[in-house]
Amino acid sequence: PSPPLLAAKIEFRDTKEWINDPGDVDNLMNKARQILGIWYRHVNMSSQELVNRFNANVKTKTPILYLSGHNGFSFSKEEREAFLFI
């Protein structure tokens, strides 16, 4: 079986912005494994996918939503509601 899901890195709009450090979540998962002694996995998930799941009333069950970028960003009301639903 696959390890439990711990984090989802949120893909938003400009691909170059959200993926500016491609190994960041891998490093986080490795550190979690070292400290907790448990293997975890992560996924990339678009903000639109989260909205679609929210609208379908499907819980994602992801403890950590990870956002990365160098520039400021904002989300629509629907995206913010979806993020809280998780």
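Contact here means heavy atoms within 4.5 Å. I start there because Leu50 is my way into this fold, and contact defines its neighbourhood. Leu50 touches Ile10, Met45, Thr60, Leu65, Ala82, Phe83 and Ile86, not counting residues up to four places away in sequence. Keep that list in mind. And note that this is a predicted model.

First, the overall layout. The protein chain has four helices and three strands. Along the sequence, the pattern reads β-α-α-β-α-β-α. The C-alpha trace spans about 40 × 30 × 15 Å along its principal axes. There are 86 residues, and 29% of them count as buried. Now look at the contacts with a separation of 6 or more. Of these, 74% are between residues 24 or more positions apart.

Next, the sheet. Three strands form an open sheet, in the order β2-β1-β3, and the pairing is parallel. β2 and β3 stand at the edges with a single partner strand each, so each has one side without a neighbour in the sheet. From one strand to the next, the twist averages 30°.

Take β1, residues 5-11. Six of its seven residues are buried, so by that count β1 is mostly covered. Its pairing with β2, residues 41-46, runs over six bridges in the parallel sense. Its pairing with β3, residues 64-66, has three bridges and is also parallel. Which residue of β2 does Ala8 stand opposite? That is Val43. In β3, Ala8 stands opposite Leu65. Further along, Glu11 stands opposite Ser46 in β2.

One helix to point out here is α2, residues 24-36. It lies across β1, β2 and β3, and it runs at about 165° to β1.

Let me stop at β3 for a moment. Ile64 lies in this strand. Is Ile64 buried, exposed or partly exposed? Its relative accessible area is 30%, and buried would need under 20%, so Ile64 is partly exposed. Leaving aside neighbours within four places in sequence, Ile64 is in contact with Leu6, Ala7 and Ala8. Arg53 is another matter of distance. Ile64 and Arg53 are eleven residues apart in sequence, and 16 Å apart in space, C-alpha to C-alpha.

Now the core. In general, nonpolar side chains in soluble globular proteins tend to be buried together. Here, the largest nonpolar core has ten residues: Ala8, Ile10, Phe12, Trp18, Met45, Leu50, Val51, Phe75, Ala82 and Phe83. Three elements give two or more residues to this core: β1, α3 (47-55) and α4 (77-85). There is also a second, separate core of five residues. Among them are Leu6, Ala7, Met29 and Ala32.

Back to Leu50. It is found in helix α3. Its relative accessibility is 2%, which is under 20%, so Leu50 counts as buried. Leu50 belongs to the ten-residue core, and so does Ala82. How far apart are Leu50 and Ala82 in sequence and in space? They are 32 residues apart in sequence, yet 5.9 Å apart in space, C-alpha to C-alpha. Seen from the other end, Ala82 is in contact with Leu50, Val51 and Phe54, again leaving aside neighbours within four places in sequence.

That brings me to the helix pair. We describe two packed helices by the angle between their axes and the distance between the axes. For α3 and α4 the angle is about 70°, and the axes are 8 Å apart. Angles of 65 to 115 degrees count as roughly perpendicular, so α3 is roughly perpendicular to α4. Which residues make the contact? From α3, these are Ser47, Leu50, Val51, Phe54 and Asn55. From α4, they are Glu78, Glu79, Glu81, Ala82, Phe83 and Phe85. By class, that contact has six nonpolar, two polar and three charged residues.

Last, a backbone detail. Asn57 lies in the loop between α3 and β3. It is not a glycine, although its phi is positive, at about 60°. Relative accessibility is 58% for Asn57, and the cut-off is over 50%, so Asn57 counts as exposed.

To close, two residues to click on: Leu50, buried in α3, and Asn57, exposed in the loop between α3 and β3.

Note on methods
Residues are numbered from 1 along each chain as its sequence is written. This is a predicted model: local features need pLDDT of at least 70, side-chain atom pairs count only at pLDDT 80 or more; totals for chains, interfaces and linings use all residues. Side-chain values use heavy atoms; hydrogens and water are left out. A nonpolar core is a set of buried Ala, Val, Leu, Ile, Met, Phe, Trp, Tyr and Cys residues joined through side-chain atoms within 4.5 Å. Buried means under 20% relative accessible area, exposed over 50%, partly exposed in between (1.4 Å probe, protein chains only). Two strands pair if DSSP finds at least two bridges between them. Axes are lines fitted to C-alpha atoms, for helices over the stretch in contact, and angles run from 0 to 180 degrees between N-to-C directions. Angles under 35 degrees count as roughly parallel, over 145 as roughly antiparallel, 65 to 115 as roughly perpendicular and the rest as oblique. Ala, Val, Leu, Ile, Met, Phe, Trp, Tyr, Cys and Pro count as nonpolar, Asp, Glu, Lys and Arg as charged, and the others, Gly among them, as polar.
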